[in-house]
Amino acid sequence: MQALTAIRTELYLPGVSALFNGIEASLRVTLQQIAAEKQATFELSPYRVLSNTLLMSAHDAGMPVGALAFPGEDDFFTRLASKKPNRVDVEVVRLRNNICHGDILEFVQVVDGGKDAFFTPECLRETALVLLGVSFEWAKALGDFRRARGLLHYGPTPPIPSSPLIRST
């Protein structure tokens with residue numbers, strides 16, 4: 001909800017960061033809950049961050065990671081299965097790594113015939129909206145998976161809007 005609120009108020013950097021954090025946390029926690037069925041302890045590894053490797057582990061556990069494919073990313077599972085030295089990150093991983101590590105060059109706007117260039121958070125607007133849609137599809141698919149596995153959260157489920165940009169009433 002904080003990511004959605006940030007994006008609605010044109011705070012694109014915090015909004016995008018919050019979406020990446022939500023995706024990563026939901027993967028890590030769900031994988032750990034699955035593993036906890038076989039283990040006595042529940043701890044999150046500090047080394048399992050959003051990556052092709054984490055997504056492949058989630059896929060192997062039956063999680064619907066295909067919902068994290070960006071529009072037009074028809075080679076999602078091919079990229080996901082790629083290995084070093086020719087590994088190609090899926091788009092959600094590539095963007096997460098670039099944005100969260102400050103590599104914003106693909107978002108720099110060039111103006112005045114190439115004489116000037118600038119970056120402002122608004123340069124992330126379109127990416128934020130696409131990521132919001134991907135996150136919405138991920139939340140729906142993951143929710144279905146978690147319900148089917150009995151991996152429920154605590155408390156009542158709030159109403160789910162029909163679109164990530166529509167406010168639920």
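# Close-ups of salt bridges, core and loops

**View 1. R79 and E73 join their side chains in a salt bridge, at 3.2 Å from N to O.** A salt bridge here is a side-chain nitrogen of Lys or Arg within 4 Å of a carboxyl oxygen of Asp or Glu. This is a predicted model, so local features need pLDDT of at least 70 and side-chain atom pairs count only at pLDDT 80 or more, while totals for chains, interfaces and linings use all residues. Residues are numbered from 1 along each chain as its sequence is written, and side-chain values use heavy atoms, with hydrogens and water left out. Are the two partners buried or exposed? R79 is buried, at 16% relative accessible area, and E73 is buried too, at 8%. (Buried means under 20% relative accessible area, exposed over 50% and partly exposed in between, with a 1.4 Å probe and protein chains only.) By the salt-bridge rule, the count comes to seven.

**View 2. In helix α5, R94 and E91 pair up as a salt bridge.** Their side chains meet at 2.7 Å, N to O. Both residues lie in α5, which covers residues 91–100, and they sit three residues apart, about one turn of the helix. (Helices, H or I with at least four residues, and strands, E with at least two, are DSSP runs numbered from the N terminus.) An α-helix has 3.6 residues a turn, so residues three or four places apart point the same way. R94 is partly exposed at 25% relative accessible area, whereas E91 counts as buried at 18%. There's a third player here: E106 is linked with E91 and R94 in a network of salt bridges.

**View 3. Helix α6 has a salt bridge of its own, between R147 and D144.** The N to O distance is 2.7 Å. This pair is three residues apart in α6 (residues 125–149), about one turn of the helix. D144 is partly exposed, with a relative accessible area of 47%.

**View 4. Zoom out a little to find the largest nonpolar core, with 39 residues.** A core like this is a set of buried Ala, Val, Leu, Ile, Met, Phe, Trp, Tyr and Cys residues joined through side-chain atoms within 4.5 Å. Which members touch the most others? They are L27, L55, M63, L68 and V92. Helices α1 (2–8), α2 (12–36), α3 (52–60), α4 (76–81), α5 and α6 each bring at least two residues to this core. Take V92 as an example: leaving aside neighbours within four places in sequence, V92 is in contact with F20, I23, L50, L55, L68, F70 and L131. (Contact means heavy atoms within 4.5 Å.) In soluble globular proteins, nonpolar side chains tend to be buried together.

**View 5. Helix α3 has a buried side and a face turned away from it.** N52, L54, L55 and A58 are the buried ones named in α3. They cover an arc of only 160° around the axis, which puts them on the same side of α3; the arc is that of the directions from the helix axis to the C-beta atoms. What do the buried residues of α3 pack against? Their partners are α2, α4 and α5. On the face turned away, look for the exposed residues T53 and D60. After α3 comes G62, with a positive phi near 95°.

**View 6. D89 sits in the loop between α4 and α5.** At 16% relative accessibility, D89 counts as buried. The D89 side chain makes a polar contact with the side chain of R87, at 3.1 Å. (A polar contact is a pair of N or O atoms within 3.5 Å; within protein, one must be able to donate a hydrogen and the other to accept it, and residues adjacent in sequence count only if both atoms are side-chain atoms.) Not counting residues up to four places away in sequence, D89 touches N52, R79, R94 and N97.

**View 7. V110 belongs to strand β1, residues 109–111.** V110 is exposed, with a relative accessible area of 55%. Apart from neighbours within four places in sequence, V110 is in contact with D116 and A117.

**View 8. Now step back to the whole chain, which has six helices and two strands.** Along the sequence, the pattern runs α-α-α-α-α-β-β-α. Of the 169 residues, 36% are buried. Among contacts with a separation of 6 or more, 63% come from residues 24 or more positions apart.
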